[in-house]
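Please work through the exercises below with the sequence and the coordinates open beside you. Each task is followed by a solution that goes step by step.

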Amino acid sequence: MPHALHRPHLTLHRRHVTLLNNDGRRHPLENSLAVTAFIVGMMALVLGVIVRTHMFGAIAGLIGSPIALCSQMVSATVGERWLNIVGLIGAFVGLGLSLAHGGFLP
């Protein structure tokens, strides 16, 4: 039984699976848009909660909402869509809180 001792050729190619690239392919534009939407949305949410920073929170929410919506339209994986939705909700809620605290007026 010489074929029983023969081991198949092992390849050293490993697939790098990350949170955003869970399909095994690279998506640099979609990943950067999703991370940007998440960061700007969380920034708008934090700035919207703080009363003294309502103007900056309103600006961040106004910028973060279309970024998250556009990013959602071009997203390729589920991880990107999660970041987009969390960033979109953060931007909308931060914008609403900022408008309630005084909006764009200094």
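The exercises that follow concern a predicted model.

**Exercise 1. Determine which secondary-structure elements the protein chain holds, and in what order they run.**

Solution. Counting the elements gives four helices and zero strands in the protein chain. Read from the N terminus on, the elements therefore run α-α-α-α. Of the 106 residues in the protein chain, buried residues make up 34%, and among contacts between residues at least 6 apart in sequence, 74% join residues at least 24 apart.

**Exercise 2. Check whether the end-to-end spans of helix 2 and helix 3 agree with a rise of 1.5 Å a residue.**

Solution. Helix 2 covers residues 28-49, and its 22 residues should span 32 Å, a value that agrees with the 32 Å between its end C-alpha atoms. For helix 3, the 21 residues should span 30 Å at the stated rise, and the end C-alpha atoms are 30 Å apart, which again agrees.

**Exercise 3. Describe how helix 3 and helix 4 are placed relative to each other, and which residues make the contact.**

Solution. Begin with the axes of helix 3 (residues 54-74) and helix 4, which come within 8 Å and cross at roughly 150°. Because angles over 145 degrees count as roughly antiparallel, this is the class to which helix 3 and helix 4 belong. The crossing of the two helices is left-handed. On the side of helix 3 the contact includes Gly57, Gly61, Gly64 and Ala68, while helix 4 contributes residues including Asn84, Ile85, Leu88 and Ala91. Sorted by class, the contact of helix 3 with helix 4 has nine nonpolar, eleven polar and one charged residues.

**Exercise 4. Identify which residues of helix 2 and helix 3 are buried, and what covers them.**

Solution. Among the buried residues of helix 2 are Glu30, Asn31, Ala34 and Val40, and what covers the buried residues of this helix includes helix 3 and helix 4. In helix 3, the buried residues include His54, Gly57, Ala60 and Ser71, with helix 2 and helix 4 among the elements that cover the buried residues of helix 3.

**Exercise 5. Is Ile85 buried, exposed or partly exposed, and where is its place in the chain?**

Solution. The place of Ile85 is in helix 4, which covers residues 78-100. Its relative accessible area is 37%, and since buried means under 20% and exposed over 50%, Ile85 is partly exposed. As a last step, consider Gln72, which lies 13 residues from Ile85 along the chain, with their C-alpha atoms separated by 7.6 Å. Both Ile85 and Gln72 take part in the contact between helix 3 and helix 4.

Methods:
Residues are numbered from 1 along each chain as its sequence is written. This is a predicted model: local features need pLDDT of at least 70, side-chain atom pairs count only at pLDDT 80 or more; totals for chains, interfaces and linings use all residues. Side-chain values use heavy atoms; hydrogens and water are left out. Buried means under 20% relative accessible area, exposed over 50%, partly exposed in between (1.4 Å probe, protein chains only). Axes are lines fitted to C-alpha atoms, for helices over the stretch in contact, and angles run from 0 to 180 degrees between N-to-C directions. Angles under 35 degrees count as roughly parallel, over 145 as roughly antiparallel, 65 to 115 as roughly perpendicular and the rest as oblique. A crossing is left-handed if the near helix is turned anticlockwise from the far one by less than a right angle, and right-handed if clockwise. Contact means heavy atoms within 4.5 Å. Ala, Val, Leu, Ile, Met, Phe, Trp, Tyr, Cys and Pro count as nonpolar, Asp, Glu, Lys and Arg as charged, and the others, Gly among them, as polar. The expected span of a helix is 1.5 Å times one less than its number of residues.
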